Amino acid sequence: MRVLETTASTSSRMSKQRSRDTGVEMALRRILHASGLRYRVHRRPLKGVRREADIVFGPAKVAVFVDGCFWHACPEHATWPKRNSEFWRTKIEKNRTRDANTDARLEAAGWVSVRVWEHEAADEAAARVAAVVKARKALLRTRA
């Protein structure tokens, strides 16, 4: 296992990074709830798959992931650290690979993944998520 050489300030900053209930996620959830949509938070959409979605609409089979620009290499805002650059590039690329694998596994099981970037406006992201959920509910209703 490779040990990272890091400064105290970097270590402190990284330890404060939230992985759940971030401001963006909370704003998105508030808008979705206010629009009448009900969901579960921080759940695994598929049994036996160790991947947790931030917001899950079970009956509609929609999983929402709120991705951080740094951690998931946002095409608009990705930055690559100069210190320990090889470590961070490998880590972030693994995150992207895992995201693609998660989306493929969910799709194979009949689910839809919605990816929201942390820089997106919460109201716009909520409108996009709500549209997908409503379309999925209508589609599943016609199949029944």
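Me: What share of the contacts in the chain with a separation of 6 or more comes from residues 24 or more positions apart?
Reply: Happy to start there, with the reminder that this is a predicted model. Among contacts with a separation of 6 or more, the share from residues 24 or more positions apart is 58%.

Me: Which pattern does the chain follow when it is read along the sequence?
Reply: The secondary structure consists of four helices and four strands. Taken in sequence order, these elements give the pattern α-α-β-β-β-α-β-α.

Me: In what order do the strands of the open sheet stand?
Reply: The sheet is open, has four strands and shows mixed pairing. Strand E1 (40–43) and E4 are at its edges with a single partner strand each, so each has one side without a neighbour in the sheet. From one strand to the next the twist averages 30°. The order is E1-E2-E3-E4.

Me: How many bridges join E3 to E4?
Reply: In general, strands of a sheet pair through backbone hydrogen bonds, either parallel or antiparallel. Here Ala63 stands opposite Ser113 in E4. E3 and E4 run parallel, and the number of bridges joining them is six.

Me: What angle does the direction of H2 make with that of E2?
Reply: Ala63 faces Ser113 of E4 within the sheet. H2 packs on this sheet and touches E1, E2, E3 and E4, while its direction and that of E2 differ by an angle of about 15°.

Me: Which element gives the most residues to the largest nonpolar core?
Reply: That core has 17 residues, and Leu28, Leu32, Phe57, Val64 and Val129 touch the most other members. Two or more residues each come from helix H2 (23–34), strand E2 (53–57), strand E3 (62–67), strand E4 (112–117) and helix H4 (122–143). With five residues, the element that gives the most is H4.

Me: How many residues make up the other core?
Reply: Val64 is a good place to begin: leaving aside neighbours within four places in sequence, its contacts are Leu28, Ala53, Asp54, Ile55, Phe57, Val114, Val116 and Val129. Apart from the largest core lies another, with Leu46, Ala53, Phe65 and Trp111 among its members, and its residue count is eight.

Me: What distance separates the C-alpha atoms of Val116 and Val64?
Reply: Val116 is found in strand E4, and at 2% relative accessibility it counts as buried. Beyond four places in sequence, Val116 is in contact with Leu28, Val64, Phe65, Val66, Asp67, Ala125, Arg128 and Val129. Although Val116 and Val64 are 52 residues apart along the chain, the separation of their C-alpha atoms is 7.3 Å.

Me: Why does the pair of Asp67 and Arg115 tie together parts that are far along the sequence, and how many residues apart are they?
Reply: Their side chains meet in a salt bridge, with N to O at 3.2 Å. Asp67 belongs to strand E3 and Arg115 to strand E4, so the pair ties together parts whose separation in sequence is 48 residues.

Me: How close are the N and O atoms in the salt bridge of Arg115 and Asp103?
Reply: Arg115 also forms a salt bridge with Asp99, with the closest N and O atoms 3.5 Å apart. That pair links strand E4, which holds Arg115, to helix H3 (residues 85–108), which holds Asp99, across 16 residues. Arg115 and Asp99 are both buried. For Arg115 and Asp103, the N to O distance is 2.9 Å.

Me: Is Asp103 buried or partly exposed?
Reply: Asp67, Asp99, Asp103 and Arg115 are linked in a network of salt bridges. Within it, Asp67 has 5% relative accessibility and counts as buried. Since buried means under 20% relative accessible area, the 24% of Asp103 makes this residue partly exposed.

Me: Where in the chain is Asn84, a residue other than glycine with a positive phi?
Reply: Phi of Asn84 is near 55°. Its relative accessible area is 17%, so Asn84 is buried. The place of Asn84 is the loop between E3 and H3.

Me: What is phi of Lys61 near?
Reply: Lys61 is found in the loop between E2 and E3. At 32% relative accessibility, Lys61 counts as partly exposed. Its phi is positive in a residue other than glycine, and the value is near 55°.

Methods. Residues are numbered from 1 along each chain as its sequence is written. This is a predicted model: local features need pLDDT of at least 70, side-chain atom pairs count only at pLDDT 80 or more; totals for chains, interfaces and linings use all residues. Side-chain values use heavy atoms; hydrogens and water are left out. A nonpolar core is a set of buried Ala, Val, Leu, Ile, Met, Phe, Trp, Tyr and Cys residues joined through side-chain atoms within 4.5 Å. Buried means under 20% relative accessible area, exposed over 50%, partly exposed in between (1.4 Å probe, protein chains only). Contact means heavy atoms within 4.5 Å. A salt bridge is a side-chain nitrogen of Lys or Arg within 4 Å of a carboxyl oxygen of Asp or Glu. Two strands pair if DSSP finds at least two bridges between them. Axes are lines fitted to C-alpha atoms, for helices over the stretch in contact, and angles run from 0 to 180 degrees between N-to-C directions.
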